[in-house]
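I opened this notebook to keep a record of what I looked up, entry by entry, with the sequence and the structure side by side.

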Amino acid sequence: MAQQVRGVVAPGKNEPVRVETVIVPDPGPGEAVVRVQACGVCHTDLHYKQGGINDDFPFLLGHEAAGVVESVGPGVRDVAPGDFVILNWRAVCGRCRACRRGRPWYCFDTHNATQRMTLEDGTELSAALGIGAFAEKTLVAAGQCTKVDPSVAPAVAGLLGCGVMAGIGAAVNTGGVGRGDTVAVIGCGGVGDAAIVGSRLAGAARIIAVDIDDRKLETARSMGATHTVNSGTTDPVEAIRELTGGFGADVVIEAVGRPETYRQAFYARDLAGTVVLVGVPTPDMRLELPLLDVFGRGGALKSSWYGDCLPSRDFPMLVDLHQQGRIDLGAFVTETIGLGDVEKAFARMHEGDVLRSVVVL
């Protein structure tokens with residue numbers, strides 16, 4: 001039987017979000033209903049609210065979440081009621097050419113729940129990234145549920161559902177950071193700081209954090225950066241080269257998603273270095289580089305979607321590392337809030353004084 005719950009809805013482009021009654025249907029084949037315990041406020045949710053992703057309003061926001069499976073539909077075998085799970089927005093199909101080649105993190109046919117959640121008047125909601133977890137309960141594809149150790153705090157676990165995984169994965173999975181490498185991270189928000197954590201975990205010898213905000217640079221240093229560069233007052237390319245013996249970094253991770261910072265990343269890498277774009281650009285952005293410079297420099301230019309993660313592999317591993325004290329996921333939680341505080345959390349995000357506000361239910 002369908003359930004009525006509270007959820008945070010973005011009714012129209014740039015309109016304030018509001019808490020509405022949301023109708024969550026019973027799970028159908030391959031679906032699960034999850035009782036949400038915590039959900040991080042991610043910049044992607046703000047993109048949805050601003051119409052920067054598409055105009056399929058109204059949106060049920062929230063996607064960086066953890067909770068407990070309440071019920072499952074026919075054919076679901078990998079999760080069961082009572083399981084503690086992190087929600088992921090890329091449920092791999094297991095059948096496409098990428099999956100068959102053993103590269104499921106590139107799955108070309110990821111899927112969401114078939115049914116739609118609605119408002120009381122029957123208006124269908126577009127769930128952010130197919131999740132919609134700023135709600136007491138949400139309906140997802142069962143493949144979007146990844147079981148992890150239930151002893152981990154939900155506010156911490158949920159962060160792996162998007163931003164923290166994206167950053168750690170950009171360093172470890174996409175960038176291939178290894179022992180002794182030099183790494184530069186441009187943009188020290190939640191994703192950039194996670195890339196710093198991932199680089200430290202992988203054994204990087206020198207980690208250079210770049211941002212225009214000294215507060216963020218201070219936080220980056222606490223996360224493991226060995227050097228910081230304020231690019232508002234210093235040429236970051238020259239600074240990175242100076243800190244790497246004149247060569248540039250082995251791996252440069254661009255966590256902003258803007259043409260100007262991508263150019264900085266391109267010219268701040270070593271000749272055979274790697275650039276990883278994990279910052280999300282908007283559809284109108286264009287990049288211009290001299291083709292000769294692209295040709296004349298070896299290495300690789302990569303994009304990192306969701307940190308090239310495989311949730312079933314990476315989420316439990318990172319939770320275990322957190323539980324062992326080898327990474328501190330709790331350091332990313334700046335504040336915990338309620339459903340009614342999401343609009344204020346977006347404002348704080350603009351001010352740049354939070355890594356993550358986390359809705360706790």
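**Entry 1: Y306**

I began with Y306, which lies in the loop between β16 (300–303) and α10. I was working with a predicted model throughout. I looked up the burial of Y306 and found a relative accessibility of 4%, so Y306 counts as buried, the cut-off being under 20%. Its phi is near 60 degrees, a positive value in a residue other than glycine.

**Entry 2: other backbone entries**

I then turned to L129, which sits in the loop between β8 (126–127) and β9, and noted that this residue has a positive phi of about 50 degrees although it is not a glycine. I wrote both phi values down because most residues other than glycine have a negative phi, and most peptide bonds are trans. On the second point I looked up the bond between F57 and P58, which is cis, with omega at about -5 degrees. P58 itself is placed in the loop between α1 (43–49) and β4 (59–60).

**Entry 3: the nonpolar cores**

Which residues touch the most other members of the largest nonpolar core? I found L87, F134, I196 and I253, in a core of 86 residues. Helix α4 (residues 163–174) gives this core its largest share, six residues. I also recorded a second, separate core of 16 residues, with I208, A239, I240 and L289 among its members.

I followed L87 further, leaving out residues up to four places away in sequence, and its contacts include V34, H63, I131, V140, Q144, Y306 and F315. Y306 from my opening entry is thus one of the residues that L87 touches.

**Entry 4: Q144**

Since Q144 appeared in the list for L87, I looked up its place and found it in the loop between β9 (137–141) and β10 (145–147). Is Q144 buried or exposed? Its relative accessible area is 0%, so I entered Q144 as buried. The side chain of Q144 reaches the backbone oxygen of G130 at 3.3 Å. Beyond four places in sequence, Q144 touches, among others, I86, L87, N88, W89, H111, N112, L129 and G130, and so L129, with its positive phi, comes back here as a contact of Q144.

**Entry 5: α4 against α10**

I next took the helix pair α4 and α10 (residues 311–323), whose axes come within 12 Å and cross at roughly 105 degrees. That angle makes α4 roughly perpendicular to α10, because the range for that label is 65 to 115 degrees. On the α4 side I listed M165, I168 and N173, which meet R313, D314, F315 and L318 in α10. Sorted by class, the contact has four nonpolar, one polar and two charged residues.

**Entry 6: V191 and T182**

V191 is found in helix α5 (residues 190–202), and with a relative accessible area of 22% I entered V191 as partly exposed. Leaving aside neighbours within four places in sequence, I found V191 in contact with G163, A166, G167, A255 and V278. V191 and G307 are 116 residues apart in sequence, yet their C-alpha atoms are 9.8 Å apart in space.

My last look was at T182 in strand β11 (residues 182–186), which is buried at a relative accessible area of 16%. With neighbours within four places in sequence left aside, T182 is in contact with R206, T244, G248, A249, D250 and V251.

Conventions. Residues are numbered from 1 along each chain as its sequence is written. This is a predicted model: local features need pLDDT of at least 70, side-chain atom pairs count only at pLDDT 80 or more; totals for chains, interfaces and linings use all residues. Side-chain values use heavy atoms; hydrogens and water are left out. A nonpolar core is a set of buried Ala, Val, Leu, Ile, Met, Phe, Trp, Tyr and Cys residues joined through side-chain atoms within 4.5 Å. Buried means under 20% relative accessible area, exposed over 50%, partly exposed in between (1.4 Å probe, protein chains only). Helices (H or I, at least four residues) and strands (E, at least two) are DSSP runs, numbered from the N terminus. Contact means heavy atoms within 4.5 Å. A polar contact is a pair of N or O atoms within 3.5 Å; within protein, one must be able to donate a hydrogen and the other to accept it, and residues adjacent in sequence count only if both atoms are side-chain atoms. Axes are lines fitted to C-alpha atoms, for helices over the stretch in contact, and angles run from 0 to 180 degrees between N-to-C directions. Angles under 35 degrees count as roughly parallel, over 145 as roughly antiparallel, 65 to 115 as roughly perpendicular and the rest as oblique. Ala, Val, Leu, Ile, Met, Phe, Trp, Tyr, Cys and Pro count as nonpolar, Asp, Glu, Lys and Arg as charged, and the others, Gly among them, as polar.
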